[in-house]
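Welcome! Here is a short briefing to help you find your way around this protein, topic by topic.

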Amino acid sequence: MLRTEFFICRTNCPCKYSFLDENKKLTPQRDIPSYPKYMLSQETIEALRKPTFDVWLWEPNEMLSCLEHMYHDLGLVKDFNINPITLKRWLLCIHDNYRNNPFHNFRHCFCVTQMMYSMISLCNLQDKFPQVDILILMTAAVCHDLDHPGYNNTYQINARTELAVRYNDISPLENHHCAVAFQIIAQPECNIFSNVNQEQFKWIRQGIITLILATDMARHAEILDSFKEKINNFDYSNEDHVTCLKMVLIKCCDISNEVRPMEVAEPWVDCLLEEYFMQSDREKSEGLPVAPFMDRDKVTKPTAQIGFLKFVLIPMFETVTKLFPEVEEVMLQPLWESRDRYEELKQLEEAMKDMQKKSESLTMESTKNHKVSLFFKNCFKVDTWT
Ligand SMILES: [Zn+2]
């Protein structure tokens, strides 16, 4: 009885997730035969290592092949004795457990992982970190938004969704992404860690959990401040320092769209706004508080972007540049350019609004004059009749 009621309640709310969900996709819906071998060209392989990679050109199967390539190329398959077929199945299952949200979808997962792969290459992280940290960074990036419902933590908490109740309002989404990640790993056919020992698995699991939980933007200031404290005497042999750096790295990759060339980055802003508007419309209809940056009546693309670039992205990448000077040219430069471009756009928009206001008041003025002259005309007519 209770179960039925609970189930009926669930179907009314598509963002609620239950591990008892009949539609759960934790087992890949397709198996590897339907995942055609896609040969990556040498050109693609080279381009894949850079933030300039065009993430819009590829279909899901091609993105899966790219991700597979990264695991082979970084030596993770060899060093952790990952069964190559299990890797394919795991990736398929990951794909199937991302929802088709405007923003938080499988392509976003791909972008974040591809940016991580680019940063590993750009900053020579394989010379600085043990391979297990490379495995943790890559796998956390792949899993970091699994089964994202398209409505953020604030919505989850205010609407008292099943996820918020389950995780006591503490990063409900990130906890969920992480739980789904390890539910997938718990299936033997998808367990890419099946050949590492118990001790190593514990270490990898803890590392992935820490990184996925670090992607909650509510913790942004806390994590960045902690990193700033360490940066002047950064010590790669200090576990706390390395963990903090890894947290900042996944954060950088997660919000790195603006690092990409303008024509690659820009469509993501529309995707994000679409997801935000979906949420704010729903919040309005459910009588919940609405954040101004999500409100279609209040936000504009340039204002949203300028704030995010100036106060979040640029300060974070500037801090990372202190440790990795090579980040400045490749990642910070595009951020500065993006900020300048949106500033120009904002000025243009404001000028347009001004013009519109002026032309509206001119129209109003001429309508008023017209009415006045009509009034006098009528008076005159009346006069002539009397
Ligand atoms: Zn994300």
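## The overall picture

The protein has 17 helices and zero strands. Please keep in mind that this is a predicted model. Of the 386 residues in the protein, 49% are buried. A zinc ion is held by four donor residues, H108, H144, D145 and D254, and the points below start with the whole chain before turning to that site.

**The chain as a whole**

- Among contacts between residues at least 6 apart in sequence, 75% join residues at least 24 apart.
- The accessible surface of the protein is about 19500 Å², and carbon and sulfur atoms account for 55% of that surface.

**The zinc site**

- The zinc ion is coordinated through NE2 of H108, NE2 of H144, an OD atom of D145 and an OD atom of D254, at 2.1 to 2.2 Å.
- Along the sequence, these donor residues follow the spacing H-x35-H-D-x108-D.
- The pair D145 and D254 links distant parts of the chain, with their positions 109 residues apart in the numbering. D145 sits in the loop between helix 8 (131-143) and helix 9 (153-158), while D254 belongs to helix 14 (residues 239-254).
- D145 and D254 are both buried.
- What is the geometry of the site of the zinc ion? The angles among its four donor atoms run from 85 to 170°, and the site is irregular. Four donors count as tetrahedral only if all angles lie between 85 and 135 degrees, and as square planar only if opposite donors are over 155 degrees apart and all others between 65 and 115.

**The annotated position H104**

- UniProt, in an unreviewed entry, places the feature "active site" at H104.
- H104 is in the loop between helix 5 (84-96) and helix 6 (106-122).
- Is H104 buried or exposed? Its relative accessibility is 15%, so H104 counts as buried, the cut-off being under 20%.
- Leaving aside residues up to four places away in sequence, H104 touches R99, D145, H148 and E275. One of these, D145, is also a donor to the zinc ion.

**Two enclosed helices**

- Helix 8 is mostly covered, with 12 of its 13 residues buried. Among them are V132, D133, I134, L135 and C143.
- From its first C-alpha to its last, helix 8 reaches 18 Å, close to the 18 Å expected at 1.5 Å a residue.
- Helix 11 (residues 172-185) has 14 residues. Because 11 of these 14 are buried, helix 11 is largely enclosed by the rest of the structure.
- The buried residues of helix 11 include P172, E174, H176, H177, C178 and F182.
- Which elements cover the buried residues of helix 11? The cover includes helix 5, helix 8, helix 9, helix 10 (162-166) and helix 12 (198-213).
- The end C-alpha atoms of helix 11 are 20 Å apart, which agrees with the 20 Å that its 14 residues should span at 1.5 Å a residue.

**Two residues with positive phi**

- R160 has a phi near 50°, a positive value in a residue other than glycine. R160 lies in the loop between helix 9 and helix 10.
- With a relative accessible area of 67%, R160 is exposed.
- S171 is not a glycine, yet its phi is positive at about 35°. S171 is found in the loop between helix 10 and helix 11.
- With a relative accessible area of 12%, S171 is buried.

**Two more residues to look up**

- C66 is part of helix 3 (residues 60-73). The relative accessible area of C66 is 0%, so C66 is buried.
- Not counting residues up to four places away in sequence, C66 touches L40, L48 and F110.
- C66 and Q114 are 48 residues apart in sequence, and their C-alpha atoms are 8.6 Å apart in space.
- K322 is in helix 16 (residues 301-323). With 63% relative accessibility, K322 counts as exposed.
- K322 and I231 are 91 residues apart in sequence, and 7.5 Å apart in space from C-alpha to C-alpha.

Technical notes
Residues are numbered from 1 along each chain as its sequence is written. This is a predicted model: local features need pLDDT of at least 70, side-chain atom pairs count only at pLDDT 80 or more; totals for chains, interfaces and linings use all residues. Side-chain values use heavy atoms; hydrogens and water are left out. Helices (H or I, at least four residues) and strands (E, at least two) are DSSP runs, numbered from the N terminus. Buried means under 20% relative accessible area, exposed over 50%, partly exposed in between (1.4 Å probe, protein chains only). Contact means heavy atoms within 4.5 Å. Accessible areas come from the Shrake-Rupley method with a 1.4 Å probe; for residues, only the protein chains shown count as cover. Donors are N, O and S atoms within 2.8 Å of the metal (3.2 Å for Na, K and Ca); water is not among the atoms, so sites may look incomplete. Four donors count as tetrahedral if all angles lie between 85 and 135 degrees; four count as square planar and six as octahedral if opposite donors are over 155 degrees apart and all others between 65 and 115; anything else is irregular. UniProt positions are given in the numbering used here, feature names are shortened, and annotations may be inferred rather than shown by experiment. The expected span of a helix is 1.5 Å times one less than its number of residues.
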